[in-house]
Amino acid sequence: MILSALLTSVGINLGLCLLFFTLYSILRKQPGNITVYAPRLIAEGKAQQRGRFNLESLLPTAGWVKKAWQPSEEELLPILGFDALVFMRIFTFSLRVFSFAGIVGICILLPINYLGNQLSEDSDFSNKSLDSFSISNVENGSNRLYVHFCAAYVFTGVVCYLLYYEYSYISSKRIAYFYSSKPQPHQFSILVRGIPVPPGSTCSETVESFFIENHPSTYLSHSVVRRTNKLQGLISDAEKLYRRLAHLKLNSHAPQRFRRDGFLGIFGRKVDLLGYYEKKLADAEDNVRLEQSSLAGKEVPAAFVSFKSRLGAATALHIQQGINPTEWVTERAPEPQDVHWPFFSTSFLKRWICKLLVFVACISLTILFLIPVVIVQGLTNLDQLETWFPFLKGILSLTFVSEVITGYLPSLILQMFLSFVPPIMIMFSSLQGYISHSRIEKSACIKVLWFTIWNIFFANVLSGSALYQVNIFLEPKKIPGILAEAVPAQASFFIAYVVTSGWTSLSSELFRSIPLLCNFFKRLFSGKTDDEFEVPSIPYHSEIPRICFFGLLGITYFFLSPLILPFLLVYYCMGYIIYRNQLLNVYEPKYEAGGKFWPIVHYSTIFSLVLMHIIAIGIFGLKKLPLASGLTIPLPILTLLFHEYCQKRFLPMFKAYPTECLVKKDREDLNDPAIAEFYDKLVTAYRDPALMSMQYPRSTDEHSSPLLHSGEI
């Protein structure tokens, strides 16, 4: 790719960013869009759904930037929660890393690369290949390559120091957040599975007798899990009926109220839909009551067991409960709102089969994704594109067209295909048998990250002949040389990818185009009011992998092609402001994972460093600098030792709270007058929502115990 093609891509994406920013600053002030741009504030009662229109609202302003920038971390923590704080610390960490990398890369390494003569080019500046700004342009055997060698050592040291500092900071914040939190049900509870129920007894009786006998001083209560998958389906159908009924009541004079009850509403007799849906809802309520009454005998050999203290719950969690290790199996209980109830309605054999199928599906998806990768690589090579499509030769000869195709189109196509991956991975993870939504999202986050690294990074850099010589990886000695040849050649593609996938995706996140269109069509065609909206939660499983992948690109290309660093810095600066704004106004946490996404970032950064070292060993060997190549070998070893130390030092803090913290909080509870009320609520905290009585306002008195929440709409 030549420099002018990159500038074309940057210009297109910069124009899109400015357009999205301008439209956002205007549309966010329109009364009809407040459920799109500030649903969290409405739910908290901090914003009004309806307001008056005025001409000033049509003027673009940047006041939202100041509002997003102003709050400190101490102010954000109680508002956003700990997971959101850790998410923002990823941006802070990345900004620190690439600010240092940018100073060294742009001020020192880039001039050295550009002044090299390895790639002889007589073209003018705008038509220069981007390889002229990479290490490939430095002469073989040149002593100037030792600057790159020293930069690799210094950069590794700085990144490791920042990783240690961030791990330590987040660990201490995690403990401080725990100390400041009120008693939570999941802190006092565990999940027990594999309960051996003797003949003539129930699961509830078995659990109660076992824990009274073995934990007499700390046991409080238990809640046996029941199979409610059929009941959940019935309640879902009833909720849909109620929503339709509520909508009809709001538009009681609309002509759509009357229709025929036959096929597709075309045949049959004409009925009043209001009465029709009221009758169907009454029948659905009867079915739900009947199913609820029959669930007493559908117990699952699992129960949530609650204790009087956090230490009592932790003791029961970490000590084997029965002689048979496959019975009375304990694991940490998630928050009540975090429980994935369908997990309990599937058998062990079905979950095991699903895990196997998910593994096969992930591999199949990875292989299928190579198709768009091959298409993208064809677009970056005009000669190959002309070979595939000879009839396009005349069009491709136009300068602007060729620059758009090679500079902008490939990364756009790849990003479009990649947007389907996170929802697929969430679906795969939900099939694997995790008991909580947070674990499902964490599992999906890891899947998306490694899928992205393999399919976007390795599949692109190894495209061509190397892609068909996978067996070469069976010879580890050749890996550094292969990567040293392939990775620098794809620098221009990844710079364009950062601009397209990074800058534009961030601005579209701010603009929220899909929710905006959905809101517009709902108001236009269905007449739904602003009362009908749901506050979304931030999709960590798609955003964290993207941030980590850009971090991998920045670390890998730090000394190979430093030209990527300014574009990454712009991305992280934009992300820091935009996601602060979105977390304050749009997203609301559905659960707290306790900052457990940070170890994923740590793993990813260590992997990126080791990958950079392997490439450095190969590139110095190719550049006829064997001494530098040999002296780089200790770097990955030292990095992995540092990683092992961090795992021993900090990771246990993310798995469980230490006894010192638990005892301190339990002692504080002794003086808390509200603890008795908390214990009363704890008894029913883990009751399946499908078994709870629900209500909604009725216009008739046909049933005295309605089922659905009025707040459901």
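This section describes the nonpolar cores, the salt bridges, one buried loop residue and two exposed sites of a predicted model.

In the interior of the predicted model, the largest nonpolar core has 138 residues, and the residues with the most contacts inside this core are Phe87, Phe457 and Leu553. Helix α6 supplies the largest share of the core, namely 17 residues. Another core lies apart from it and has 17 residues, including Val300, Phe304, Leu682 and Ala685. For Leu553, one of the residues with the most contacts inside the largest core, the contacts beyond four places in sequence are with Phe457, Phe494, Tyr497, Val498, Ile564 and Leu568. Phe457 thus appears both among the contacts of Leu553 and among the residues with the most contacts in the core.

Charged side chains were examined next. A search of the whole structure gives 14 salt bridges, of which several are described here. Glu73 is paired with Arg89, and their closest N and O atoms are 2.8 Å apart. Because Glu73 belongs to helix α5 (residues 73-80) and Arg89 to helix α6, this pair ties together parts that are 16 residues apart in sequence. Both Glu73 and Arg89 are buried. The two residues also take part in a network of salt bridges that links Glu73, Arg89, Arg96 and Glu166.

A second pair, Arg310 and Asp666, forms a salt bridge in which the closest N and O atoms are 3.2 Å apart. Since Arg310 lies in helix α11 (residues 310-318) and Asp666 in helix α29 (residues 659-670), the parts tied together by this pair are 356 residues apart in sequence. Arg310 has a relative accessible area of 1% and is therefore buried, and Asp666, at 13% relative accessibility, likewise counts as buried.

The salt bridge between the side chains of Glu44 and Arg40, with a distance of 2.9 Å from N to O, joins residues that fall into two classes of exposure. Glu44 is classed as partly exposed because its relative accessible area is 33%, whereas Arg40 counts as buried because its relative accessibility is 3%. The boundary that applies to Arg40 is a relative accessible area under 20%.

Among the polar residues, Asn137 was considered in detail. Asn137 is placed in the loop between α6 (82-114) and α7 (145-180), and it counts as buried because its relative accessibility is 2%. A polar atom of the Asn137 side chain lies 3.3 Å from the backbone oxygen of Ser132. When residues up to four places away in sequence are not counted, Asn137 touches Asn113, Tyr114, Gly116, Asn117, Gln118, Leu119, Asp131, Ser132 and Lys623. Ser132 is thus one of the residues that Asn137 touches, as well as the residue whose backbone oxygen lies 3.3 Å from a polar atom of its side chain.

At the surface, a nonpolar patch is formed by Leu349, Trp352, Ile353, Leu356, Leu357, Phe359, Val360, Ile363 and Ile367, which together have about 910 Å² of accessible area. One of these residues, Leu357, is found in helix α12 (residues 348-368), and it counts as exposed because its relative accessibility is 53%. An exposed residue is also found in helix α7, where Ser180 is located; with a relative accessible area of 57%, Ser180 is therefore classed as exposed. Although Ser180 and Lys665 are 485 residues apart in sequence, their C-alpha atoms are 9.3 Å apart in space.

Note on methods: Residues numbered from 1 in each chain as written. Predicted model: local features only at pLDDT ≥ 70, side-chain atom pairs only at ≥ 80, totals over all residues. Heavy atoms only, no water. Helix = DSSP H or I, 4+ residues; strand = E, 2+ residues; numbered from the N terminus. Buried < 20%, exposed > 50% of the residue type's maximum accessible area, 1.4 Å probe, protein only. Polar contact = N/O pair within 3.5 Å; in protein donor to acceptor, adjacent residues only side chain to side chain. Contact = heavy atoms within 4.5 Å. Core = buried A, V, L, I, M, F, W, Y, C linked by side-chain atoms within 4.5 Å. Salt bridge = Lys/Arg side-chain N within 4 Å of Asp/Glu carboxyl O. Patch = residues over 30% accessible without salt bridge, like charges linked within 9 Å, V, L, I, M, F, W, Y side chains within 5 Å. Areas by Shrake-Rupley, 256 points an atom, 1.4 Å probe, with all protein chains shown as cover.
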